[in-house]
Amino acid sequence: MEKTKLKIILLGDSGVGKTSLLKRYNDKDFKQLHNSTIYVDLVTKEICIAERQVILQIWDTAGQERFKSLPSRFYRDTDCCVLVYDVNTLKTFESIDNWHDEFIKQANPETPTKFPFVLMGNKTDVNNGKPRVVAKEIADQWCGSKGNIVYFETSAKAKINVEEAFLEIAKKALTNERQIDDMERYRSVVPTIEKETPRSRCSC
Ligand SMILES: Nc1nc2c(ncn2[C@@H]2O[C@H](COP(=O)(O)OP(=O)(O)OP(=O)(O)O)[C@@H](O)[C@H]2O)c(=O)[nH]1
C-alpha cells in the first residue's frame, strides 16, 4: 500500500497557540513558556486513516509580523489550511479573515471556495470569570460565510479537542491527497527523510 503525503499549514496570530496545539498533538506535551516560532517549523506524523497509511507534514508558521514573508511556493500544494485564533482575544479572531485571504492568494488553489480549511478557537480553558470574548456563534457564523468551514474549540493546555481536530484536519487533507511517488519533491520539503520511503501496509 502506498503512503499518502498530506501537507498541512497552521496559520494565525502570534501567541494563539499554534505550536502548543501541534506539540500537544505530536508529543502529548504542553509547556506554558512562549517561544515564538521563527519563520516555520515542520512536524511529520504518520497515522492510519480511512484504512490508508498517511504522512502528515504539518507546517507550523510564525504569527509575528516580521516573519510573515514566506514565499508563495511554501503555500503551494497544501492539502488543508488550519486557521487558529485565541477565543479570549478579539484581535486574533479579526485577523482570521486576513490569514484566510492571504492563504488563498499565496497558495492559489484551483477552486478556492472548495479548499479545505479548518478553524480552531484555542485556549478555551482560560476562564477569568468574564464572558467569552469570541462567542462560539460568532465563529460558527464566520465559518458558514466561508462555505461551512469546520470549527473546533480547543485547549492545548487542558487537552480539549486537540486529537479530534487533527483527525478531522487529516480527513479534510485526504480529499486533496497525492501519492508519494514524487520523491524529488518530497525530499525538498522534508530534507531529513530517508532516501527510500518504504511502502508499507496500513496496520490499523
Ligand atoms: N491557557 C492556555 N494557554 C495556551 C494554550 N495554548 C497555548 N497557550 C500558551 O500561549 C502562549 C503562546 O503559545 P504558542 O503555542 O507559542 O503560540 P504560537 O501561535 O505558536 O505563537 P507564534 O509562534 O509566535 O506564532 C504560550 O505561553 C502557551 O503556553 C491553551 O490552550 N491554553
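The following paragraphs describe the fold, the ligand site, the salt bridges and the nonpolar core of a predicted model.

A good place to start is the overall layout. The protein chain holds 7 helices and 7 strands, and these elements follow one another from the N terminus in the order β-α-β-β-α-β-α-α-β-α-β-α-β-α. Of its 204 residues, 46% count as buried.

We turn next to the interior. The largest nonpolar core contains 27 residues, and the members that touch the most others are Ile8, Leu56, Ile58, Met120, Phe166 and Ile169. At least two residues of this core come from each of S1, H1, S2, strand S3 (52-61), strand S4 (80-86), S5 and helix H6 (162-174). Helix H6 gives the largest share, with 7 residues.

The ligand is surrounded by 24 residues, of which Ser14, Ser20, Gln32, Thr37 and Asp125 come nearest. By class, this shell divides into 6 nonpolar, 12 polar and 6 charged residues. Helix H1 (residues 18-27) provides the largest share of the shell, namely 3 residues. Several side chains place polar atoms beside ligand oxygens. For lysine 18, a polar side-chain atom sits 2.8 Å from an oxygen atom of the ligand. For lysine 123, the corresponding distance from a polar side-chain atom to a ligand oxygen atom is 3.0 Å. Serine 155 also takes part, with an N or O atom of its side chain 3.4 Å from an oxygen atom of the ligand. How much of the ligand's accessible area does the protein cover? On its own the ligand has 650 Å² of accessible area, and the protein covers 94% of that.

Charged pairs within the protein deserve a closer look. The model contains 7 salt bridges, and three of them are described here one by one. In one, glutamate 46 pairs with lysine 3, and their closest N and O atoms are 3.2 Å apart. This pair links distant parts of the chain, since glutamate 46 belongs to strand S2 (residues 40-49) and lysine 3 to the segment before strand S1 (4-11), with their positions 43 residues apart in sequence. The two partners fall on either side of the 20% cut-off for burial: glutamate 46, at a relative accessible area of 40%, is partly exposed, whereas lysine 3, at 8%, is buried.

A further salt bridge brings together the side chains of lysine 146 and aspartate 97, with an N to O distance of 3.2 Å. Lysine 146 is placed in the loop between helix H5 (136-145) and strand S6 (150-153), while aspartate 97 is in helix H4 (residues 96-107), so the bridge ties together parts that are 49 residues apart in sequence. Both ends of this bridge are partly exposed, with relative accessible areas of 27% for lysine 146 and 31% for aspartate 97.

Glutamate 153 and arginine 132 form another such pair, their side chains meeting at 2.6 Å, N to O. Here too the contact links distant parts of the chain: glutamate 153 is in strand S6, and arginine 132 is in the loop between strand S5 (117-122) and H5, 21 residues apart. Is glutamate 153 buried or exposed? With 15% relative accessibility, glutamate 153 counts as buried, because the cut-off for burial is under 20%. Its partner, arginine 132, is partly exposed at 34%.

Two other residues add local detail. Aspartate 101 is found in helix H4 and is partly exposed, with a relative accessible area of 42%. Its side chain makes a polar contact of 3.1 Å with the side chain of histidine 100. Aspartate 101 also lies 9.8 Å from proline 112, C-alpha to C-alpha, and the two are 11 residues apart in sequence.

Threonine 154, by contrast, has a relative accessible area of 0% and is buried. This threonine 154 is found in the loop between S6 and H6. Which side chain does the side chain of threonine 154 contact? The partner is asparagine 122, and the polar contact between the two side chains has a length of 3.0 Å.

Notes:
Residues are numbered from 1 along each chain as its sequence is written. This is a predicted model: local features need pLDDT of at least 70, side-chain atom pairs count only at pLDDT 80 or more; totals for chains, interfaces and linings use all residues. Side-chain values use heavy atoms; hydrogens and water are left out. A residue is near a molecule or strand if one of its heavy atoms lies within 4 Å of it. A polar contact is a pair of N or O atoms within 3.5 Å; within protein, one must be able to donate a hydrogen and the other to accept it, and residues adjacent in sequence count only if both atoms are side-chain atoms. Accessible areas come from the Shrake-Rupley method with a 1.4 Å probe; for residues, only the protein chains shown count as cover. Helices (H or I, at least four residues) and strands (E, at least two) are DSSP runs, numbered from the N terminus. Ala, Val, Leu, Ile, Met, Phe, Trp, Tyr, Cys and Pro count as nonpolar, Asp, Glu, Lys and Arg as charged, and the others, Gly among them, as polar. A salt bridge is a side-chain nitrogen of Lys or Arg within 4 Å of a carboxyl oxygen of Asp or Glu. Buried means under 20% relative accessible area, exposed over 50%, partly exposed in between (1.4 Å probe, protein chains only). A nonpolar core is a set of buried Ala, Val, Leu, Ile, Met, Phe, Trp, Tyr and Cys residues joined through side-chain atoms within 4.5 Å.
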